[in-house]
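Got your viewer open? Let's take a walk through this protein together, one selection at a time.

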Amino acid sequence: MRKQIVAGNWKMNKDYVDSELLVSKLLEQYNHSQTEVIIAPPFTSLLCSSNLLKGSQINVAAQNMHFAENGAYTGEISAGMLKSIGIQTVILGHSERRAYFNETDTLLAKKVDTALQHSMRIIFCFGEELADRKSGNEEVIVEGQIKNALFHLPASAWENIVLAYEPVWAIGTGETASPEQAQDMHAFVRKTIENKYSSDLSSEVTIIYGGSVKSTNAKEIFSKADVDGGLIGGAALDVTQFTAIINAF
Ligand code: PGA
């Protein structure tokens, strides 16, 4: 079902001790809201974070996982391992995974299938690079990323998919897509899903925006009709900023 989500992607930040501190501060400052709040700490902080958040309304997600069930994949973490510590949600396809770890649409389709087999919810990231936008190709790129990794799925699988539009040129750069640019792309994505599946399904899919969202611009971005929340990087490491973003709805 379509909901409002604010998710914090901590990336490779915060060791075990700092994670406990950050989660404790978040618990102190967070007030109940209609918005679903998710944090995605590094693997080493998943368990301590979810232990601290037990009984709260804040959920914990992993930033990545492997597609295989288990085996000789040194350094990797499987869906079953995440489930075994109670993690139900995973971010897949983040542009940093695509750029630095060569994650392709084909690989992501496999990860998507594995996560769904484990009844996990997926926050699936996609977005164009600056050159694509400059050449007017942003819709072609985004459509391709979504089709290649997700359009083999039956309609029923989509209840476990959250989409995150993250233009690469806006991630960690301080440059945000304008609220209109975000709205235009979200509406385009919804239309693409409607054409493939149905208008019922496309109107139910949660589509969040990511890329330099801060407390100062969140309200305007979230006010757009097809923007259902945000995936927050840098600002999620600062509890005051993050809670202000949650309260921006
Ligand atoms: P940022 O990162 O908010 O620091 O731009 C967003 C993301 O990568 O999810």
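Below is a list of stops, each with something to select and a note on what is there. Keep in mind that you are looking at a predicted model.

**Stop 1: the ligand**

Start by selecting the ligand and showing what surrounds it. You should find 13 residues around it, and the closest are Lys11, His94, Glu166, Gly172 and Ser212. Want to colour that shell by class? Four of its residues are nonpolar, seven are polar and two are charged.

Now zoom in on the oxygen atoms of the ligand. One polar backbone atom to look for belongs to Gly172, at 2.7 Å from a ligand oxygen. Ser212 also offers a polar backbone atom, 2.8 Å from an oxygen of the ligand. For Gly233, the distance from a polar backbone atom to a ligand oxygen is 2.9 Å. How much of the ligand's accessible area does the protein cover? On its own the ligand has 290 Å², and the protein covers 95% of that.

**Stop 2: Lys11 and its partner**

Keep Lys11 selected, since it is among the residues closest to the ligand, and add Glu96. Their side chains meet in a salt bridge, with 2.8 Å from N to O. This pair ties together distant parts of the chain: Lys11 sits in the loop between β1 (5-9) and α1, while Glu96 belongs to helix α4 (residues 95-100), 85 residues apart. Is Glu96 buried, exposed or partly exposed? Its relative accessibility is 23%, so Glu96 counts as partly exposed.

Here's the general idea behind such pairs: side chains of opposite charge can pair when their charged atoms come close. A search of the whole structure turns up 15 salt bridges, so there are others to visit.**Stop 3: a buried pair**

Next, select Glu103 and Lys111. They form a salt bridge too, and the closest N and O atoms are 2.8 Å apart. With a relative accessibility of 6%, Glu103 counts as buried. Lys111 is buried as well, at a relative accessible area of 3%.

**Stop 4: the Arg190 network**

Jump to helix α8 and pick out Arg190. Because its relative accessibility is 6%, Arg190 counts as buried. Add Asp228 to the selection: the two form a salt bridge, with the closest N and O atoms 3.0 Å apart. Here again distant parts of the chain are linked, with Arg190 in helix α8 (residues 179-196) and Asp228 in the loop between α10 (218-222) and β8 (229-232), 38 residues apart. Both partners, Asp228 and Arg190, are buried.

Which residues are joined into one network by salt bridges that share partners? They are Arg2, Arg190, Asp226 and Asp228. While you're here, look at the other contacts of Arg190. Its side chain makes a polar contact of 2.6 Å with the side chain of Asp226. The side chain of Arg190 also reaches the backbone oxygen of Ser202, at 2.9 Å.

**Stop 5: a patch on the surface**

Switch to a surface view and select Tyr16, Val17 and Leu21. Together they make a nonpolar surface patch of about 320 Å². Tyr16 lies in helix α1 (residues 16-29), and its relative accessibility of 45% is why Tyr16 counts as partly exposed.

**Stop 6: one last distance**

Finally, find Val213 in the loop between β7 (207-210) and α10. At 4% relative accessibility, Val213 counts as buried. Draw a line from its C-alpha to that of Gly144: the two residues are 25 Å apart in space and 69 residues apart in sequence.

Note on methods: Residues are numbered from 1 along each chain as its sequence is written. This is a predicted model: local features need pLDDT of at least 70, side-chain atom pairs count only at pLDDT 80 or more; totals for chains, interfaces and linings use all residues. Side-chain values use heavy atoms; hydrogens and water are left out. A residue is near a molecule or strand if one of its heavy atoms lies within 4 Å of it. A polar contact is a pair of N or O atoms within 3.5 Å; within protein, one must be able to donate a hydrogen and the other to accept it, and residues adjacent in sequence count only if both atoms are side-chain atoms. Accessible areas come from the Shrake-Rupley method with a 1.4 Å probe; for residues, only the protein chains shown count as cover. Ala, Val, Leu, Ile, Met, Phe, Trp, Tyr, Cys and Pro count as nonpolar, Asp, Glu, Lys and Arg as charged, and the others, Gly among them, as polar. Patches are made of residues with over 30% relative accessible area and no salt bridge: like charges are joined within 9 Å, nonpolar side chains (Val, Leu, Ile, Met, Phe, Trp, Tyr) within 5 Å. A salt bridge is a side-chain nitrogen of Lys or Arg within 4 Å of a carboxyl oxygen of Asp or Glu. Helices (H or I, at least four residues) and strands (E, at least two) are DSSP runs, numbered from the N terminus. Buried means under 20% relative accessible area, exposed over 50%, partly exposed in between (1.4 Å probe, protein chains only).
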